[in-house]
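Work through the exercises below with the sequence and the 3D structure open beside you. Try each task before you read its solution.

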Amino acid sequence: MSSMAETHSEKDSATVTTCVDTPPTTPEAKPVVDPIWHPSSPPPETSQDTTDYPDGGLKAWLTVFGAVLALFCCGQLTAFGAFQTWYAQNQLRELPASTISWIGSLQLWILYFSGGILGRIFDAYGPHVVLIPGSILLVVATMLTSVCMKYYQFLLVQGLLTGLSYGMLFYPTFASISTHFRKYRATAVGIAIAGSGVGGVVFPIMFRQLFAQIGFGWAVRVAGFMCMVLCTVSCATITSRIPPGRRNTKFLPSSGVIRDTPFVLLVAGCLFVNFGLFIPFVYLADYSIYRGVSSGTSFYIISAMNAGSIFGRIAPPFLADTVGRFNIVVPSTLLMGLLALVFWTFARSLVAIIVFAAAYGCFSGAFLAMQIPCIAQISNIEEVGTRIGILYSVASFGVLAGSPAAGAVLKVDQGGYTGMIILCGVLNILGSSFLLGSKYMVNRRLFARV
(Lines give C-alpha, C1' and ligand atoms only; values in the text may rest on other atoms or scores of the structure.)
Protein backbone atom coordinates (compact mmCIF):
# COMPACT_ATOMS: atom_id res chain seq x y z
CA MET A 1 0.00 0.00 0.00
CA SER A 2 1.32 3.42 -0.94
CA SER A 3 2.24 5.75 1.89
CA MET A 4 0.53 9.06 2.51
CA ALA A 5 2.14 12.24 3.78
CA GLU A 6 0.54 15.49 4.74
CA THR A 7 2.18 18.76 3.72
CA HIS A 8 0.82 22.13 4.56
CA SER A 9 1.90 25.47 3.17
CA GLU A 10 2.93 27.92 5.90
CA LYS A 11 0.47 30.40 4.56
CA ASP A 12 -2.63 28.18 4.55
CA SER A 13 -1.75 25.45 6.99
CA ALA A 14 -5.11 25.69 8.72
CA THR A 15 -7.24 25.16 5.67
CA VAL A 16 -5.39 23.42 2.86
CA THR A 17 -4.11 19.85 2.97
CA THR A 18 -1.93 18.30 0.30
CA CYS A 19 -1.94 14.50 0.01
CA VAL A 20 1.35 13.16 -1.35
CA ASP A 21 1.37 9.67 -2.82
CA THR A 22 4.99 8.56 -3.16
CA PRO A 23 5.35 5.14 -4.75
CA PRO A 24 8.64 3.37 -3.94
CA THR A 25 9.67 3.23 -7.58
CA THR A 26 9.06 6.92 -8.28
CA PRO A 27 10.36 8.99 -5.35
CA GLU A 28 10.44 12.08 -7.50
CA ALA A 29 6.67 11.92 -8.26
CA LYS A 30 4.82 15.19 -7.87
CA PRO A 31 2.31 15.55 -5.04
CA VAL A 32 -1.34 14.88 -5.77
CA VAL A 33 -3.55 17.54 -4.24
CA ASP A 34 -6.96 16.69 -2.82
CA PRO A 35 -8.54 20.00 -1.77
CA ILE A 36 -11.46 18.20 -0.18
CA TRP A 37 -9.59 16.15 2.40
CA HIS A 38 -8.88 17.59 5.84
CA PRO A 39 -6.42 16.32 8.49
CA SER A 40 -9.25 15.66 10.94
CA SER A 41 -10.30 12.68 8.77
CA PRO A 42 -8.22 9.60 7.86
CA PRO A 43 -6.22 9.69 4.66
CA PRO A 44 -8.62 8.75 1.87
CA GLU A 45 -7.80 6.18 -0.78
CA THR A 46 -4.21 5.55 0.25
CA SER A 47 -3.95 2.12 -1.30
CA GLN A 48 -3.80 3.15 -4.92
CA ASP A 49 -2.27 6.04 -6.78
CA THR A 50 -5.05 8.45 -7.69
CA THR A 51 -3.94 8.23 -11.32
CA ASP A 52 -5.18 4.60 -11.32
CA TYR A 53 -8.77 5.81 -11.44
CA PRO A 54 -9.82 5.80 -15.09
CA ASP A 55 -12.86 8.05 -14.42
CA GLY A 56 -14.31 6.66 -17.63
CA GLY A 57 -13.63 4.04 -20.26
CA LEU A 58 -15.58 1.00 -21.43
CA LYS A 59 -15.39 -1.08 -18.25
CA ALA A 60 -16.25 1.86 -16.01
CA TRP A 61 -19.33 2.91 -17.96
CA LEU A 62 -20.46 -0.67 -18.49
CA THR A 63 -20.38 -0.99 -14.70
CA VAL A 64 -22.59 2.09 -14.42
CA PHE A 65 -24.93 0.67 -17.07
CA GLY A 66 -25.19 -2.66 -15.26
CA ALA A 67 -25.82 -0.83 -12.00
CA VAL A 68 -28.68 1.14 -13.58
CA LEU A 69 -30.37 -2.11 -14.63
CA ALA A 70 -29.87 -3.81 -11.25
CA LEU A 71 -31.14 -0.78 -9.36
CA PHE A 72 -34.14 -0.47 -11.68
CA CYS A 73 -35.23 -3.80 -10.20
CA CYS A 74 -34.69 -2.36 -6.72
CA GLY A 75 -37.13 0.43 -7.62
CA GLN A 76 -39.88 -1.83 -6.31
CA LEU A 77 -38.70 -0.80 -2.85
CA THR A 78 -39.77 2.82 -3.25
CA ALA A 79 -42.90 1.60 -5.05
CA PHE A 80 -44.06 -0.30 -1.97
CA GLY A 81 -46.73 2.34 -1.42
CA ALA A 82 -48.55 0.76 -4.38
CA PHE A 83 -48.47 -2.61 -2.63
CA GLN A 84 -49.51 -0.98 0.66
CA THR A 85 -52.62 0.51 -0.95
CA TRP A 86 -53.46 -2.73 -2.78
CA TYR A 87 -53.03 -4.95 0.29
CA ALA A 88 -55.15 -2.60 2.40
CA GLN A 89 -58.02 -3.04 -0.06
CA ASN A 90 -57.54 -6.73 -0.93
CA GLN A 91 -55.50 -9.56 0.64
CA LEU A 92 -54.80 -7.81 3.96
CA ARG A 93 -57.84 -5.54 4.23
CA GLU A 94 -58.57 -6.70 7.80
CA LEU A 95 -55.20 -5.35 9.04
CA PRO A 96 -54.39 -1.74 10.01
CA ALA A 97 -52.01 0.30 7.85
CA SER A 98 -49.28 0.28 10.51
CA THR A 99 -49.22 -3.54 10.48
CA ILE A 100 -49.08 -3.79 6.67
CA SER A 101 -46.26 -1.25 6.60
CA TRP A 102 -44.02 -3.71 8.45
CA ILE A 103 -43.64 -5.61 5.17
CA GLY A 104 -42.04 -2.61 3.48
CA SER A 105 -40.08 -1.68 6.60
CA LEU A 106 -38.65 -5.20 6.85
CA GLN A 107 -37.62 -5.03 3.18
CA LEU A 108 -35.74 -1.80 3.76
CA TRP A 109 -34.23 -2.96 7.05
CA ILE A 110 -32.86 -6.15 5.51
CA LEU A 111 -31.49 -4.14 2.56
CA TYR A 112 -29.73 -1.70 4.88
CA PHE A 113 -28.64 -4.09 7.65
CA SER A 114 -27.16 -6.67 5.28
CA GLY A 115 -24.60 -4.09 4.17
CA GLY A 116 -22.28 -4.82 7.10
CA ILE A 117 -21.73 -8.38 5.86
CA LEU A 118 -22.13 -7.85 2.12
CA GLY A 119 -19.68 -4.94 2.11
CA ARG A 120 -16.99 -7.13 3.71
CA ILE A 121 -17.64 -9.91 1.20
CA PHE A 122 -17.27 -7.43 -1.66
CA ASP A 123 -13.99 -6.08 -0.26
CA ALA A 124 -12.65 -9.64 0.01
CA TYR A 125 -13.99 -11.37 -3.10
CA GLY A 126 -15.33 -8.79 -5.55
CA PRO A 127 -18.86 -8.15 -6.85
CA HIS A 128 -19.96 -11.35 -8.59
CA VAL A 129 -19.86 -13.57 -5.50
CA VAL A 130 -22.72 -11.41 -4.20
CA LEU A 131 -24.43 -10.25 -7.42
CA ILE A 132 -25.18 -13.62 -9.01
CA PRO A 133 -26.82 -15.28 -5.97
CA GLY A 134 -28.68 -12.02 -5.28
CA SER A 135 -30.12 -11.98 -8.79
CA ILE A 136 -31.34 -15.56 -8.48
CA LEU A 137 -32.85 -14.86 -5.07
CA LEU A 138 -34.71 -11.79 -6.36
CA VAL A 139 -36.37 -13.72 -9.17
CA VAL A 140 -37.34 -16.62 -6.89
CA ALA A 141 -38.68 -14.32 -4.14
CA THR A 142 -40.70 -12.27 -6.64
CA MET A 143 -42.33 -15.38 -8.04
CA LEU A 144 -43.15 -16.61 -4.54
CA THR A 145 -44.70 -13.23 -3.66
CA SER A 146 -47.16 -13.71 -6.52
CA VAL A 147 -48.76 -16.69 -4.72
CA CYS A 148 -48.75 -15.29 -1.16
CA MET A 149 -52.10 -14.82 0.55
CA LYS A 150 -51.42 -14.52 4.29
CA TYR A 151 -49.69 -11.72 6.19
CA TYR A 152 -46.87 -13.92 7.50
CA GLN A 153 -46.19 -15.11 3.93
CA PHE A 154 -45.81 -11.55 2.64
CA LEU A 155 -43.64 -10.73 5.66
CA LEU A 156 -41.25 -13.65 5.08
CA VAL A 157 -41.12 -13.61 1.28
CA GLN A 158 -41.62 -9.99 0.20
CA GLY A 159 -40.17 -8.56 3.40
CA LEU A 160 -37.27 -10.86 4.21
CA LEU A 161 -36.21 -12.58 0.96
CA THR A 162 -36.68 -9.70 -1.47
CA GLY A 163 -35.08 -7.31 1.02
CA LEU A 164 -31.98 -9.51 1.17
CA SER A 165 -31.87 -9.85 -2.62
CA TYR A 166 -32.05 -6.06 -3.02
CA GLY A 167 -29.10 -5.73 -0.67
CA MET A 168 -27.12 -8.28 -2.69
CA LEU A 169 -27.68 -6.14 -5.78
CA PHE A 170 -27.28 -2.77 -4.08
CA TYR A 171 -23.90 -2.90 -2.32
CA PRO A 172 -21.64 -4.52 -4.95
CA THR A 173 -22.95 -2.21 -7.68
CA PHE A 174 -22.11 1.00 -5.81
CA ALA A 175 -18.84 -0.29 -4.39
CA SER A 176 -17.77 -1.37 -7.88
CA ILE A 177 -18.52 2.07 -9.30
CA SER A 178 -16.40 3.64 -6.55
CA THR A 179 -13.36 1.66 -7.72
CA HIS A 180 -13.67 3.05 -11.28
CA PHE A 181 -14.37 6.73 -10.54
CA ARG A 182 -12.84 9.37 -8.31
CA LYS A 183 -13.26 12.82 -9.85
CA TYR A 184 -16.69 11.99 -11.29
CA ARG A 185 -17.72 9.50 -8.62
CA ALA A 186 -20.80 11.41 -7.47
CA THR A 187 -22.00 11.77 -11.05
CA ALA A 188 -21.51 8.07 -11.77
CA VAL A 189 -23.27 7.03 -8.56
CA GLY A 190 -26.08 9.49 -9.27
CA ILE A 191 -26.65 8.05 -12.74
CA ALA A 192 -26.70 4.53 -11.32
CA ILE A 193 -29.07 5.29 -8.47
CA ALA A 194 -31.37 7.06 -10.92
CA GLY A 195 -32.15 3.55 -12.16
CA SER A 196 -33.93 2.95 -8.88
CA GLY A 197 -35.92 6.14 -9.39
CA VAL A 198 -36.95 5.05 -12.88
CA GLY A 199 -38.05 1.73 -11.44
CA GLY A 200 -39.99 3.59 -8.78
CA VAL A 201 -41.86 5.44 -11.55
CA VAL A 202 -42.48 2.45 -13.79
CA PHE A 203 -43.50 -0.20 -11.28
CA PRO A 204 -46.45 1.62 -9.63
CA ILE A 205 -47.94 2.51 -13.03
CA MET A 206 -47.29 -0.98 -14.33
CA PHE A 207 -48.83 -2.63 -11.27
CA ARG A 208 -51.81 -0.26 -11.40
CA GLN A 209 -52.58 -1.40 -14.94
CA LEU A 210 -51.71 -5.08 -14.58
CA PHE A 211 -53.49 -5.61 -11.25
CA ALA A 212 -56.73 -4.65 -13.01
CA GLN A 213 -56.05 -6.48 -16.29
CA ILE A 214 -54.39 -9.79 -15.35
CA GLY A 215 -54.64 -9.90 -11.55
CA PHE A 216 -52.13 -9.56 -8.72
CA GLY A 217 -50.36 -12.90 -9.26
CA TRP A 218 -49.47 -12.51 -12.91
CA ALA A 219 -48.67 -8.81 -12.49
CA VAL A 220 -45.99 -9.70 -9.94
CA ARG A 221 -44.73 -12.57 -12.14
CA VAL A 222 -44.27 -10.15 -15.04
CA ALA A 223 -42.06 -8.06 -12.74
CA GLY A 224 -40.13 -11.22 -11.87
CA PHE A 225 -39.40 -12.02 -15.51
CA MET A 226 -38.27 -8.42 -16.09
CA CYS A 227 -35.87 -8.70 -13.16
CA MET A 228 -34.48 -11.98 -14.48
CA VAL A 229 -33.49 -10.40 -17.81
CA LEU A 230 -32.14 -7.15 -16.35
CA CYS A 231 -30.12 -8.84 -13.60
CA THR A 232 -28.53 -11.22 -16.12
CA VAL A 233 -27.20 -8.25 -18.07
CA SER A 234 -26.03 -6.59 -14.84
CA CYS A 235 -24.01 -9.60 -13.77
CA ALA A 236 -22.30 -9.62 -17.17
CA THR A 237 -21.35 -5.92 -17.19
CA ILE A 238 -20.48 -4.96 -13.58
CA THR A 239 -16.78 -5.21 -12.71
CA SER A 240 -14.44 -3.95 -10.00
CA ARG A 241 -11.14 -2.26 -10.82
CA ILE A 242 -9.46 -3.91 -7.80
CA PRO A 243 -9.06 -7.67 -8.41
CA PRO A 244 -10.05 -9.95 -5.50
CA GLY A 245 -6.48 -11.23 -5.21
CA ARG A 246 -5.21 -7.74 -4.30
CA ARG A 247 -7.65 -7.29 -1.43
CA ASN A 248 -6.27 -7.58 2.09
CA THR A 249 -9.50 -7.71 4.06
CA LYS A 250 -10.12 -8.78 7.64
CA PHE A 251 -13.55 -9.94 8.67
CA LEU A 252 -13.91 -7.25 11.34
CA PRO A 253 -13.37 -3.55 10.48
CA SER A 254 -10.48 -1.72 12.09
CA SER A 255 -11.01 0.09 15.38
CA GLY A 256 -10.12 3.34 13.60
CA VAL A 257 -13.63 3.44 12.17
CA ILE A 258 -15.23 4.39 15.50
CA ARG A 259 -12.50 6.98 16.13
CA ASP A 260 -13.12 8.67 12.79
CA THR A 261 -15.30 11.59 13.90
CA PRO A 262 -16.45 12.74 10.44
CA PHE A 263 -17.55 9.19 9.61
CA VAL A 264 -19.34 8.72 12.94
CA LEU A 265 -21.25 11.99 12.47
CA LEU A 266 -22.06 11.01 8.89
CA VAL A 267 -23.49 7.70 10.12
CA ALA A 268 -25.55 9.46 12.83
CA GLY A 269 -26.96 11.94 10.32
CA CYS A 270 -27.91 9.21 7.87
CA LEU A 271 -29.57 7.26 10.69
CA PHE A 272 -31.97 10.10 11.49
CA VAL A 273 -32.63 11.05 7.87
CA ASN A 274 -33.41 7.45 6.92
CA PHE A 275 -35.74 7.27 9.93
CA GLY A 276 -37.94 9.95 8.41
CA LEU A 277 -37.14 9.74 4.70
CA PHE A 278 -39.45 6.89 3.65
CA ILE A 279 -42.56 8.01 5.58
CA PRO A 280 -44.00 9.90 2.56
CA PHE A 281 -43.09 7.06 0.22
CA VAL A 282 -45.22 4.68 2.28
CA TYR A 283 -48.07 6.92 3.43
CA LEU A 284 -48.50 9.69 0.85
CA ALA A 285 -50.82 7.54 -1.30
CA ASP A 286 -53.02 6.85 1.74
CA TYR A 287 -52.86 10.53 2.68
CA SER A 288 -54.12 11.49 -0.78
CA ILE A 289 -57.08 9.11 -0.38
CA TYR A 290 -57.71 10.71 3.03
CA ARG A 291 -57.91 14.05 1.19
CA GLY A 292 -60.43 12.74 -1.32
CA VAL A 293 -58.21 11.51 -4.16
CA SER A 294 -59.35 8.24 -5.77
CA SER A 295 -57.36 5.10 -5.02
CA GLY A 296 -56.54 4.70 -8.73
CA THR A 297 -55.02 8.18 -8.94
CA SER A 298 -53.06 7.66 -5.72
CA PHE A 299 -50.76 5.18 -7.54
CA TYR A 300 -49.59 8.02 -9.79
CA ILE A 301 -48.64 10.17 -6.80
CA ILE A 302 -46.02 7.58 -5.88
CA SER A 303 -44.75 7.71 -9.47
CA ALA A 304 -44.57 11.52 -9.29
CA MET A 305 -42.42 11.27 -6.16
CA ASN A 306 -40.08 8.79 -7.81
CA ALA A 307 -39.97 10.92 -10.97
CA GLY A 308 -38.76 13.83 -8.86
CA SER A 309 -36.15 11.55 -7.33
CA ILE A 310 -34.72 10.76 -10.78
CA PHE A 311 -33.81 14.43 -11.25
CA GLY A 312 -32.52 14.56 -7.67
CA ARG A 313 -30.29 11.54 -8.19
CA ILE A 314 -28.64 12.93 -11.34
CA ALA A 315 -28.46 16.75 -11.27
CA PRO A 316 -27.26 17.35 -7.66
CA PRO A 317 -24.56 14.63 -7.86
CA PHE A 318 -23.31 16.18 -11.12
CA LEU A 319 -23.14 19.53 -9.30
CA ALA A 320 -21.54 17.88 -6.26
CA ASP A 321 -18.43 16.95 -8.23
CA THR A 322 -17.87 20.70 -8.62
CA VAL A 323 -19.12 22.27 -5.37
CA GLY A 324 -18.57 19.34 -2.99
CA ARG A 325 -20.57 16.30 -1.89
CA PHE A 326 -21.33 17.46 1.66
CA ASN A 327 -22.35 20.87 0.28
CA ILE A 328 -25.18 19.09 -1.56
CA VAL A 329 -26.30 16.55 1.04
CA VAL A 330 -26.64 19.01 3.94
CA PRO A 331 -29.06 21.49 2.30
CA SER A 332 -30.94 18.64 0.59
CA THR A 333 -31.81 16.98 3.90
CA LEU A 334 -32.67 20.32 5.48
CA LEU A 335 -35.08 21.08 2.63
CA MET A 336 -36.65 17.63 2.99
CA GLY A 337 -37.57 18.49 6.56
CA LEU A 338 -38.80 21.96 5.72
CA LEU A 339 -40.92 20.67 2.84
CA ALA A 340 -42.66 18.23 5.17
CA LEU A 341 -43.29 20.83 7.88
CA VAL A 342 -44.22 23.77 5.66
CA PHE A 343 -45.67 22.22 2.51
CA TRP A 344 -47.05 18.75 3.28
CA THR A 345 -48.86 20.06 6.36
CA PHE A 346 -51.02 22.32 4.18
CA ALA A 347 -51.28 20.15 1.04
CA ARG A 348 -54.99 19.49 0.57
CA SER A 349 -55.62 19.34 -3.19
CA LEU A 350 -54.34 16.79 -5.69
CA VAL A 351 -52.13 19.41 -7.36
CA ALA A 352 -50.54 20.43 -4.06
CA ILE A 353 -49.90 16.81 -3.09
CA ILE A 354 -48.26 16.06 -6.45
CA VAL A 355 -46.06 19.16 -6.21
CA PHE A 356 -44.96 18.13 -2.72
CA ALA A 357 -44.35 14.57 -3.94
CA ALA A 358 -42.12 15.72 -6.81
CA ALA A 359 -40.17 18.24 -4.67
CA TYR A 360 -39.67 15.83 -1.77
CA GLY A 361 -38.66 13.10 -4.21
CA CYS A 362 -36.06 15.41 -5.75
CA PHE A 363 -34.29 16.25 -2.49
CA SER A 364 -34.61 12.73 -1.07
CA GLY A 365 -33.09 11.44 -4.32
CA ALA A 366 -30.15 13.82 -3.84
CA PHE A 367 -29.61 12.48 -0.31
CA LEU A 368 -29.77 8.85 -1.44
CA ALA A 369 -27.30 9.55 -4.24
CA MET A 370 -24.87 11.42 -1.95
CA GLN A 371 -24.49 8.92 0.91
CA ILE A 372 -21.97 6.70 -0.86
CA PRO A 373 -19.86 9.49 -2.44
CA CYS A 374 -19.60 11.10 1.01
CA ILE A 375 -18.42 7.80 2.51
CA ALA A 376 -15.91 7.20 -0.27
CA GLN A 377 -14.56 10.74 0.01
CA ILE A 378 -13.36 10.23 3.59
CA SER A 379 -12.42 6.52 3.36
CA ASN A 380 -9.59 4.32 2.16
CA ILE A 381 -10.72 2.82 -1.17
CA GLU A 382 -10.04 -0.75 0.03
CA GLU A 383 -12.43 -0.16 2.95
CA VAL A 384 -15.16 1.61 1.02
CA GLY A 385 -17.36 -1.50 0.77
CA THR A 386 -17.01 -2.10 4.50
CA ARG A 387 -17.79 1.49 5.42
CA ILE A 388 -20.80 1.58 3.11
CA GLY A 389 -22.00 -1.55 4.89
CA ILE A 390 -21.44 -0.07 8.35
CA LEU A 391 -23.37 3.09 7.53
CA TYR A 392 -26.29 1.25 6.02
CA SER A 393 -26.36 -1.33 8.82
CA VAL A 394 -26.69 1.41 11.43
CA ALA A 395 -29.18 3.37 9.33
CA SER A 396 -31.24 0.20 8.92
CA PHE A 397 -32.69 0.61 12.39
CA GLY A 398 -34.05 4.03 11.46
CA VAL A 399 -35.52 2.54 8.29
CA LEU A 400 -37.07 -0.33 10.25
CA ALA A 401 -38.69 1.96 12.81
CA GLY A 402 -39.72 4.81 10.50
CA SER A 403 -42.90 3.55 8.85
CA PRO A 404 -44.29 1.66 11.88
CA ALA A 405 -43.57 4.67 14.10
CA ALA A 406 -45.41 6.88 11.64
CA GLY A 407 -48.29 4.38 11.62
CA ALA A 408 -48.39 4.42 15.40
CA VAL A 409 -48.55 8.22 15.43
CA LEU A 410 -51.33 8.00 12.83
CA LYS A 411 -53.26 5.69 15.14
CA VAL A 412 -52.76 7.95 18.16
CA ASP A 413 -53.98 10.88 16.05
CA GLN A 414 -57.10 8.82 15.29
CA GLY A 415 -56.40 8.87 11.56
CA GLY A 416 -55.06 12.44 11.40
CA TYR A 417 -51.76 12.98 9.60
CA THR A 418 -50.39 16.09 11.35
CA GLY A 419 -48.30 14.20 13.92
CA MET A 420 -46.83 11.93 11.26
CA ILE A 421 -45.86 14.90 9.10
CA ILE A 422 -44.17 16.64 12.03
CA LEU A 423 -42.26 13.45 12.85
CA CYS A 424 -41.01 13.24 9.26
CA GLY A 425 -39.90 16.87 9.17
CA VAL A 426 -38.15 16.92 12.55
CA LEU A 427 -36.19 13.71 11.86
CA ASN A 428 -34.90 15.02 8.54
CA ILE A 429 -33.82 18.34 10.04
CA LEU A 430 -32.11 16.58 12.97
CA GLY A 431 -30.23 14.36 10.53
CA SER A 432 -29.19 17.40 8.52
CA SER A 433 -27.59 18.93 11.62
CA PHE A 434 -25.38 15.86 12.14
CA LEU A 435 -24.36 15.89 8.48
CA LEU A 436 -23.40 19.54 8.87
CA GLY A 437 -21.26 18.54 11.86
CA SER A 438 -19.51 15.91 9.73
CA LYS A 439 -18.81 18.51 7.06
CA TYR A 440 -17.43 20.86 9.73
CA MET A 441 -15.04 18.18 10.98
CA VAL A 442 -13.77 17.56 7.44
CA ASN A 443 -13.17 21.27 6.79
CA ARG A 444 -14.13 24.04 9.19
CA ARG A 445 -14.56 26.66 6.52
CA LEU A 446 -18.29 27.14 5.95
CA PHE A 447 -18.04 27.47 2.16
CA ALA A 448 -15.18 25.03 1.58
CA ARG A 449 -15.64 22.58 -1.30
CA VAL A 450 -16.35 19.49 0.77
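**Exercise 1. The span of a helix**

What span should the 17 residues of helix 1 have at 1.5 Å a residue, and how far apart are its end C-alpha atoms?

Solution. Keep in mind from the start that the model is a predicted one. The expected span is 1.5 Å times one less than the number of residues, and for the 17 residues of helix 1 this gives 24 Å. The end C-alpha atoms of helix 1 are 24 Å apart, which agrees with the expectation.

Now apply the same reasoning to helix 5, which covers residues 128–145. With its 18 residues, helix 5 should span 26 Å, and its end C-alpha atoms lie 25 Å apart, so here too the two values agree.

**Exercise 2. What surrounds these two helices**

Find which residues of helix 1 are buried, and state what covers them.

Solution. Begin with the list of buried residues in helix 1, which consists of A60, T63, V64, G66, A67, L69, A70, L71, F72, C73 and C74. Next, look at what lies against them: the cover includes helix 5, helix 6 and helix 7.

Turning to helix 5, the buried residues are V130, L131, G134, S135, L138, V139, A141, T142 and T145. Their cover includes helix 1, helix 2, helix 4, helix 6 and helix 7.

**Exercise 3. Two buried residues and their partners**

Is V130 buried or exposed, and which residues does V130 touch beyond four places in sequence?

Solution. First locate V130, which belongs to helix 5. Its relative accessible area is 2%, and because buried means under 20%, V130 counts as buried. Leaving out residues up to four places away in sequence, V130 touches L118, I121, M168 and P172. One of these partners deserves a second look, since M168 is 38 residues from V130 along the chain, while their C-alpha atoms are separated by 5.6 Å.

Repeat the steps for G159, a residue of helix 6. G159 is buried, with a relative accessible area of 0%. Under the same sequence limit of four places, G159 touches I103, L106, Q107, I110 and F154. The C-alpha atoms of G159 and G104 are 6.2 Å apart, although the two residues stand 55 residues apart along the chain.

**Exercise 4. Charged and polar pairs**

Which residue forms a salt bridge with D260, and how far apart are the closest N and O atoms?

Solution. The search for salt bridges gives a count of one. The partner of D260 is R387, and the closest N and O atoms of the pair are 2.8 Å apart. R387 lies in helix 14 and D260 in the loop between helix 8 and helix 9, so the pair ties together parts that are 127 residues apart in sequence. Check the surroundings as a last step: R387 is buried at 4% relative accessibility, and D260 is buried with a relative accessible area of 4%.

For a polar contact, consider N274 in helix 9, which counts as buried at 1% relative accessibility. The side chains of N274 and Q371 are joined by a polar contact of 3.3 Å. Besides Q371, the residues that N274 touches include Y112, F367, A395, G398 and V399.

**Exercise 5. Cysteines**

How many disulfides does a search of the whole structure find?

Solution. The search finds zero disulfides. Take C270 as an example: the nearest cysteine sulfur, that of C374, is 7.5 Å away, and because a disulfide needs two sulfur atoms within 2.5 Å, C270 is in no disulfide. C270 counts as buried at 1% relative accessibility, and C424 counts as buried at 0%.

**Exercise 6. The whole protein**

What percentage of the 450 residues is buried, and which helix gives the largest share of the largest nonpolar core?

Solution. Buried residues make up 58% of the 450 residues, in a protein with 15 helices and two strands. The largest nonpolar core has 115 residues, of which Y87, Y112, L266, L277, L284, W344 and F367 touch the most other members. Helix 7 gives the largest share of this core, namely 18 residues. To follow one of these core members outward, note that L266 touches F326, C374, I375, I378, L391, L435 and S438, again not counting residues up to four places away in sequence.

Key. Residues are numbered from 1 along each chain as its sequence is written. This is a predicted model: local features need pLDDT of at least 70, side-chain atom pairs count only at pLDDT 80 or more; totals for chains, interfaces and linings use all residues. Side-chain values use heavy atoms; hydrogens and water are left out. Helices (H or I, at least four residues) and strands (E, at least two) are DSSP runs, numbered from the N terminus. Buried means under 20% relative accessible area, exposed over 50%, partly exposed in between (1.4 Å probe, protein chains only). Contact means heavy atoms within 4.5 Å. A salt bridge is a side-chain nitrogen of Lys or Arg within 4 Å of a carboxyl oxygen of Asp or Glu. A polar contact is a pair of N or O atoms within 3.5 Å; within protein, one must be able to donate a hydrogen and the other to accept it, and residues adjacent in sequence count only if both atoms are side-chain atoms. A nonpolar core is a set of buried Ala, Val, Leu, Ile, Met, Phe, Trp, Tyr and Cys residues joined through side-chain atoms within 4.5 Å.
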